[in-house]
Amino acid sequence: MALLQISEPGQTTAPHQHRLAVGIDLGTTNSLVASVRSGEAQTLPDSHGRHILPSVVRYAEDNIEVGDAAVEHAVVDPSNTIVSVKRLMGRAASDLKSLGKSSPYIFATSESMVPKIQTRSGDVSAVEVSAEILKTLKNRAVDTLGDELVGAVITVPAYFDDAQRQATKDAARLAGLNVLRLLNEPTAAAVAYGLDSGQEGIIAIYDLGGGTFDISILRLRKGVFEVLSTGGDSALGGDDFDHAIADWILQQSGYNQEPSSSLVRLLMKEARAAKEQLAAVDVVSISIEADNFSWQGSLSASQMRELIEPMIKKTIMACRRSLRDADIAVEDVLEVVMVGGSTRTLAVREMVGEFFQRDPLVSIDPDKVVAIGAALQADVLAGNKPDNAMLLLDVIPLSLGIETMGGLVEKIISRNTPIPVAKAQDFTTYKDGQTAMAVHVVQGERELVDDCRSLARFELRGFPPHVAGAARIRVTYQVDADGLLTVSAREQNSGVEASVDVKPSYGLTDTEIETMLRDSMDHATDDMRMRMLREQQVEAERVIEALDAALQSDGKELLSVQEQDTIAQAREQLVNAKAGDDTESIKSAIKQLESACADYVARRMNTNIRNAMQGHTVDEYAGNDQE
Ligand code: ADP
Ligand code: MG
């Protein structure tokens with residue numbers, strides 16, 4: 001799971017010509033754009049000097065507002081103001097239920113898998129909303145730097161799956177950006193800190209943003225980062241702190257009605273302001289006036305700590321799990337890098353410091369660190385550093401496999417393989433005369449298809465019929481540098497080909513990935529047993545089918561009624577054993593059926609030989625066997 005450094009050929013440009021490329025941190029809550037200027041990576045401000053662009057888009061009467069303007073109107077126009085759209089990226093309509101209780105949006109009901117939010121300017125998808133954010137950042141870059149933009153590196157959470165990455169790329173394309181690379185956020189943070197030139201050892205990257213939490217355990221060795229494990233929670237962040245504080249305010253105020261969505265927004269806004277102030281002071285006073293609601297009071301840092309501690313504990317548990325996955329003791333962690341605005345909260349810093357038993361690194365602004373790392377990477381990819389060109393390679397988070405007979409999974413690319421990667425494996429047909437093959441692409445660590453996530457299905461059709469096992473179908477899995485998968489299948493003899501870009505319309509959450517990984521460890525022995533059982537069941541099926549086909553063609557001619565009976569009994573026993581779950585009894589039933597059929601098989605062989613000789617060299621042998 002290494003971040004290897006390799007040079008990319010054909011990227012060198014004339015040394016005097018600096019090609020403009022930017023790094024974009026497209027966050028759930030906040031987004032930033034950064035670029036390398038005069039050798040230094042810096043985030044770019046808007047015309048008011050603001051570096052951080054809130055990831056909020058409002059579809060107003062006659063224009064689209066992005067950022068602070070949209071935030072200001074969120075309270076009065078909640079249903080046309082889209083926040084946290086990143087949570088919807090790459091999600092199917094069917095995933096929305098899990099997205100939470102108090103969504104103020106009205107989702108358009110449509111046939112399409114992609115959910116759309118109803119606004120006064122029509123129905124919009126998450127990709128379109130994100131594109132508005134990216135457009136704003138792109139324009140900012142062009143305005144500030146006044147140059148042509150070669151492209152952008154856009155960061156995504158480490159656990160963004162294929163669909164979510166694809167959606168991010170689509171948004172960039174829609175915004176007119178050339179995507180040089182999607183880069184994992186923790187990887188970008190590591191680059192920003194230039195840790196490759198630091199002391200070698202284990203580094204933990206703790207990223208707590210507004211809506212997501214990511215933990216990555218890296219090992220730095222000989223200037224190369226190896227990612228030992230990653231984990232996190234895609235539904236945990238500073239927003240949840242705001243929720244807890246807003247709930248607390250509501251409780252304190254004694255307000256006993258269901259709050260309207262605009263009151264919820266107002267409370268969230270005030271809660272967030274209080275929380276952010278508490279990074280610097282011990283106590284804040286809060287005063288809220290709205291229609292039908294009024295409250296004044298104060299909140300202390302220690303009161304807030306009590307409210308948010310359960311959530312911080314959740315992140316610590318994920319850290320513990322990631323260390324365990326990486327097989328690293330907490331004492332072996334050399335540095336802890338803090339990323340994300342929520343790591344400004346002192347309680348977070350303290351609890352993380354306590355867990356890792358050292359002071360976390362906070363020297364680079366935790367809001368900007370990801371964008372800065374992305375800018376450094378963009379600069380390299382744009383070809384501005386021909387001498388020192390490095391490409392950071394990420395890894396795939398879950399194994400990619402193919403369904404084989406019996407609902408089993410054959411892994412083609414295993415988890416933690418650095419990308420880009422291409423791997424091929426040959427498969428063959430199961431039945432005589434087969435001219436098509438179904439390819440089912442799955443993701444996960446378990447042995448059975450049912451326990452993994454289905455990514456795509458396609459069919460390879462129209463190759464010439466062969467006897468079972470003679471066709472050679474080469475299936476190739478290719479994952480590009482952005483983590484996107486293409487699968488192709490080719491029948492080697494005929495050259496018939498089919499392929500599919502895997503763009504699933506739904507996504508896996510971090511929690512699902514973690515659960516799948518945990519399950520695969522918990523179930524490793526079960527799975528093994530299950531696999532052996534399935535294999536025997538498939539074998540039994542094959543034996544029965546072959547027998548039935550044979551009996552059909554010449555059973556009556558070659559077997560006496562009694563022999564037919566014996567074979568039928570043995571067959572019956574195998575059918576029964578196959579329906580059960582005892583691998584050994586299936587095995588022995590297969591053996592028994594085989595021995596019951598031994599004579600029959602021999603007779604068939606003779607007949608076949610005779611038939612084969614007919615019309616060929618019959619004369620030569622005629623005297624031997626025939627009367
Ligand atoms: P994301 O990566 O999800 O876009 P960011 O890293 O920009 O998020 O972090 C946004 C979160 O950081 C918000 O929840 C915001 O309230 C929080 N935040 C920003 N400044 C502070 C602060 N001074 N104290 C506590 N939280 C803060
Ligand atoms: Mg972030």
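Two strands are said to pair if DSSP finds at least two bridges between them. With that term in hand, the tour of this predicted model may begin.

**First stop: strands 25, 26 and 27**

Select strand 25 (residues 473-479) and strand 26. The two run antiparallel and are joined by seven bridges. Within this pairing, T476 stands opposite S488 of strand 26.

Next, display the side chains of strand 26 (residues 485-491). Which of them are buried? L485, V487, A489 and E491 point to one face and are buried, while T486, S488 and R490 point to the other face and are not.

Add strand 27 (residues 497-501), which pairs with strand 26 in the antiparallel sense over five bridges. Here V500 is the bridge partner of V487. The hairpin formed by these two strands has five residues between them, and G495 takes a positive phi near 80°.

**Second stop: a four-stranded sheet**

Now select the open sheet whose strands follow the order 21-20-23-24, with antiparallel pairing. Its edge strands are strand 21 (408-413) and strand 24 (453-466), each of which pairs on one side only. On average, neighbouring strands of this sheet are turned by 30° against each other, direction ignored. Look in particular at strand 20 (residues 400-404), which is joined to strand 21 by five bridges. T404 stands opposite L408 in strand 21.

**Third stop: helices 7 and 8**

Select helix 7 (residues 301-326) and helix 8 (residues 346-356). Their axes come within 10 Å and cross at roughly 35°, and the crossing is right-handed. To view the contact, display residues of helix 7 including R305, I312, I316 and L323, together with residues of helix 8 including V348, M351, F355 and F356. By class, this contact has 10 nonpolar, no polar and six charged residues.

In helix 8, the buried residues are A347, V348, M351, V352, G353, F355 and F356. An α-helix has 3.6 residues a turn, so residues three or four places apart point the same way. Just after helix 8, select Q357, whose phi is positive, near 60°.

**Last stop: the nonpolar cores**

Finally, turn to the largest nonpolar core, which has 51 residues. Which members touch the most others? They are Y206, I215, I249, F293 and F356. Helix 7 gives the most to this core, with nine residues. Centre the view on F293: leaving aside residues up to four places away in sequence, F293 touches I249, L250, S253, Y255, L263, L267 and I288. Apart from this core lies another, of 35 residues, among them L20, M89, A152 and A172.

Terms used
Residues numbered from 1 in each chain as written. Chains lettered and ligands numbered in written order. Predicted model: local features only at pLDDT ≥ 70, side-chain atom pairs only at ≥ 80, totals over all residues. Heavy atoms only, no water. Axes fitted to C-alpha atoms, helices over the stretch in contact; angles between N-to-C directions. Left-handed = near helix turned anticlockwise from the far one by under 90°. Contact = heavy atoms within 4.5 Å. Nonpolar A, V, L, I, M, F, W, Y, C, P; charged D, E, K, R; others polar. Core = buried A, V, L, I, M, F, W, Y, C linked by side-chain atoms within 4.5 Å. Buried < 20%, exposed > 50% of the residue type's maximum accessible area, 1.4 Å probe, protein only.
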